[in-house]
Amino acid sequence: MRDEYGLQEQRLQDDYLREALDIREEAFDDFIRMTSPAQAVDKLSELVGMSLWSDFEWLPYEEELKDRFKKYEFA
């Protein structure tokens, strides 16, 4: 399918991401091989110890919940 659309595979900075999220290397290797986005979000939620699923409409209105979320930028 990549060839069909002219897409090229690119890798994340795996070590940086793993260290920033404090995930064991073995667990991260299993996570990074996942191909289903929904399964990957569920697994990453498990690894970081918090739900990554949210409803975009309630975050701006729930101050306490909004304060619990942190913004991560991976360069």
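Here a student and a tutor talk through a predicted model, from its salt bridges to its nonpolar core.

Student: Let's begin with charges. How many salt bridges does the model have?
Tutor: Side chains of opposite charge can pair when their charged atoms come close. The rule used here asks for a nitrogen of Lys or Arg within 4 Å of a carboxyl oxygen of Asp or Glu. By this rule, the count is 4.

Student: Which residue forms a salt bridge with Asp15?
Tutor: Look in helix α2, which covers residues 14–21. Asp15 and its partner both lie there, 3 residues apart, about one turn of the helix. The N to O distance is 3.8 Å, and the partner is Arg18.

Student: Is Arg18 buried or exposed?
Tutor: A good way to decide is the relative accessible area, where under 20% counts as buried. Arg18 has a value of 16%. Because that value falls under the cut-off, Arg18 is buried.

Student: Which residues does Arg18 touch, not counting those up to four places away in sequence?
Tutor: Start from helix α2, where Arg18 has its place. Leaving out residues up to four places away in sequence, its contacts are Ile23, Arg24, Glu25 and Phe28.

Student: Why are the buried residues of α2 on the same side of the helix?
Tutor: The buried residues in α2 are Leu17, Arg18 and Leu21. They are on the same side of α2 because they cover an arc of only 95° around the axis. These buried residues pack against α3 and α4. So the value behind the shared side is an arc of 95°.

Student: Which residue follows α2, and what is its phi?
Tutor: Go to the end of helix α2, which covers residues 14–21. The residue that follows has a positive phi; it is Asp22, with phi near 55°.

Student: Let's move along the chain. Asp30 and Arg33 meet in a salt bridge, so which of the two counts as exposed?
Tutor: Their side chains meet at 3.6 Å, N to O. Asp30 has a relative accessible area of 48%, so it is partly exposed. Exposed means over 50%. At 59%, the one that counts as exposed is Arg33.

Student: How far apart are the closest N and O atoms of Glu46 and Lys43?
Tutor: Both residues lie in helix α4, residues 37–48, and are 3 residues apart, about one turn of the helix. Glu46 is exposed at 57% relative accessible area, whereas Lys43 is partly exposed at 22%. They form a salt bridge, and the closest N and O atoms are apart by 3.4 Å.

Student: Is Ser45 in α4 buried or exposed?
Tutor: Ser45 is in helix α4. Beyond its neighbours within four places in sequence, Ser45 is in contact with Met50, Ser51 and Leu52. Its relative accessibility is 12%, so Ser45 counts as buried.

Student: Now for the rings. What is the angle between the planes of Phe28 and Phe31?
Tutor: A search of the whole structure finds 1 aromatic pair. That pair is Phe28 and Phe31, with centres 5.7 Å apart and a tilted arrangement. Both residues lie in helix α3, 3 residues apart, about one turn of the helix. The angle between the planes is 55°.

Student: What arc do the buried residues of α3 cover?
Tutor: In α3, the buried residues are Ala27, Phe28 and Phe31. Their arc around the axis puts them on the same side of α3, and it is only 100°. What covers them includes α2 and α4. To repeat the value, the arc is 100°.

Student: Which helix gives the most to the largest nonpolar core?
Tutor: In soluble globular proteins, nonpolar side chains tend to be buried together. Here the largest nonpolar core has 8 residues: Leu17, Leu21, Ile23, Ala27, Phe28, Phe31, Ala40 and Leu44. At least two residues come from each of α2, α3 and α4. With 3 residues, the helix that gives the most is α3.

Student: To finish, which residues is Leu44 in contact with, leaving aside its neighbours within four places in sequence?
Tutor: Leu44 is one of the residues of the largest nonpolar core. Leaving aside neighbours within four places in sequence, its contacts are Leu21, Ile23, Phe31 and Leu52.

Key. Residues numbered from 1 in each chain as written. Predicted model: local features only at pLDDT ≥ 70, side-chain atom pairs only at ≥ 80, totals over all residues. Heavy atoms only, no water. Helix = DSSP H or I, 4+ residues; strand = E, 2+ residues; numbered from the N terminus. Buried < 20%, exposed > 50% of the residue type's maximum accessible area, 1.4 Å probe, protein only. Contact = heavy atoms within 4.5 Å. Arc of directions from axis to C-beta. Phe/Tyr/Trp six-rings, centres within 6.5 Å; stacked < 30°, edge-to-face > 60°. Core = buried A, V, L, I, M, F, W, Y, C linked by side-chain atoms within 4.5 Å.
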